[in-house]
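I opened my notebook to work through a new structure. I want to jot down what I look up, one entry at a time.

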Amino acid sequence: MIKAQQILLTKYTDFDRPIVFDDTEDSNFKLITKEYDVSDDELLRHGEIFIQVIYLSNDPAQKGWFTPYKSYKAVTPLGEIAPADGIARVLASKNPRFPKGCYVETFTGWCDYRILDTQKEKCHIVDPHKVPLAKYLSLFGGTTMTAYFTVFHYAPQVQNRVWMVTGAAGAAGSSCVQFISKVLNPKLVIAVAGGKDKCQWVETLGSRVKCLDYKDPGYKKDLFKLLNADKSEIDVLIDHVGGWILNNAILYMSDFSTVVQVGAVAGYNSPSDGFTNYANVITKRITIKGMIVMDHAAEFGQAAHRISQWLKDGTLDVNNFPEHIVQAIGPNFTNVPQLWTQLFQGVNRGKYITQVNEYAQGRESRL
Ligand SMILES: NC(=O)c1ccc[n+]([C@@H]2O[C@H](COP(=O)([O-])OP(=O)(O)OC[C@H]3O[C@@H](n4cnc5c(N)ncnc54)[C@H](OP(=O)(O)O)[C@@H]3O)[C@@H](O)[C@H]2O)c1
């Protein structure tokens, strides 16, 4: 008998406040436990699989999935397992495409075990003998894909120009810095991250990368000085953050420049500053493009192939796509919401993942 823990979304939250997970009526979530008998042939219906979740992806976007607002994804019905992407092992199966013992990437949700209906929910096989399991969330996961399409589809393919990347130590941002620096021959990549250590790491990700610490009170002056040193302006801004960092950067954009708006994390968990310098969009004839990576799902294979080639020929280094893995196994599973919240405090460098079941890493391939 397997005792499963599942965190249900029971009350919607909003972008201007943090989530609540406690015993009060303000709580957005409720923890339930369920028992499953995996030896019982009646456990699953045709097309269903029983999964043991190994890794949960921590994504800022989940905040939107916990609100009552429709976006590119349908509103999560109350009472369902709180949505999250993840990697799981199949422990029992009534779908021959996903046999017992295989691993899948799917919207596992915040749980350690559950039944998944493969006829209704998207899921695909991942092979730990080809790529270490966690790398399916980092190097070959949604955030690297986001960076790939941001840089090679939405941004102008220009060389010898000034780029700026905000949220540059996060999963999507650090991938963007590498793609720009190592493939597009920029004049300068201005990266923005929180804290000296993070900035030092980001500067190791490519040549001509200068990282500015937005938590330093001198940030605005430093940006001005850096650009003013050789009368440069920002030609392409890849923004993951929004808020005052975007509002300030827009002052230094060149005429006919481009902003790719990938995220606005500064406003996902607390009220964010407004875009008061908006008139610059007009006077500088700036193009602002929103992007959603799932619009490119059909092209993920092609992108992964190109990334693999860059890894093989040394353009990219697998070690520069790190995972920051924290554990919430067994009785610690209740920490999942709190651990997720910490992405708004910037705990991670690269891809932030929570492990919710033991996993023997030794059997994995080395890339
Ligand atoms: N459009 C799409 O399809 C798509 C897909 C994936 C992700 N995204 C978006 O891209 C952004 C980055 O996602 P990710 O998965 O790479 O996240 P991540 O790894 O968690 O990185 C986000 C980083 O943002 C920084 N941050 C948090 N709050 C901030 C604030 N108030 N001001 C400035 N920086 C802040 C933190 O680093 P510091 O320590 O530097 O503050 C954090 O590490 C998010 O906005 C996300 O929603 C969009």
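These are my entries, starting with the domains and ending with the ligand.

**Entry 1: the layout.** Note to self: this is a predicted model. I looked up how the protein is divided and got two parts. Domain 1 takes in 2–138 plus 322–363, so I have to follow two stretches of the chain for it, while domain 2 runs over 142–294. I then checked the spacing: the centres of domain 1 and domain 2, taken over C-alpha atoms, are 31 Å apart.

**Entry 2: where the domains meet.** How many residues are in contact between domain 1 and domain 2? I found 21 on the domain 1 side and 18 on the domain 2 side. The size of an interface is often given as the accessible area lost when the parts come together. Here, about 1400 Å² is buried between domain 1 and domain 2, and carbon and sulfur atoms give 56% of that. On the domain 1 side, I wrote down F15, F344 and R349, because these supply 33% of the area that domain 1 buries against domain 2, more than any other three residues.

**Entry 3: polar links across the interface.** I searched for salt bridges between domain 1 and domain 2 and got zero. Polar contacts did turn up, with eight residue pairs across the interface. I also sorted the domain 1 side that touches domain 2 by class: eight nonpolar, six polar and seven charged residues.

**Entry 4: the ligand.** Which residues are closest to the ligand? I listed A172, G194, K198, Y214 and M291, out of 28 that surround the ligand. Next I looked up some distances. A backbone N or O atom of M291 is 2.7 Å from a ligand nitrogen, and a polar backbone atom of V262 is 3.0 Å from a ligand nitrogen. For Y268, a polar side-chain atom sits 3.3 Å from a ligand oxygen. Last, I checked the cover: the ligand exposes 900 Å² taken alone, and the protein buries 91% of that.

Key: Residues numbered from 1 in each chain as written. Predicted model: local features only at pLDDT ≥ 70, side-chain atom pairs only at ≥ 80, totals over all residues. Heavy atoms only, no water. Contact = heavy atoms within 4.5 Å. Buried area = accessible area lost by both parts, 1.4 Å probe. Salt bridge = Lys/Arg side-chain N within 4 Å of Asp/Glu carboxyl O. Polar contact = N/O pair within 3.5 Å; in protein donor to acceptor, adjacent residues only side chain to side chain. Nonpolar A, V, L, I, M, F, W, Y, C, P; charged D, E, K, R; others polar. Near = heavy atom within 4 Å. Areas by Shrake-Rupley, 256 points an atom, 1.4 Å probe, with all protein chains shown as cover.
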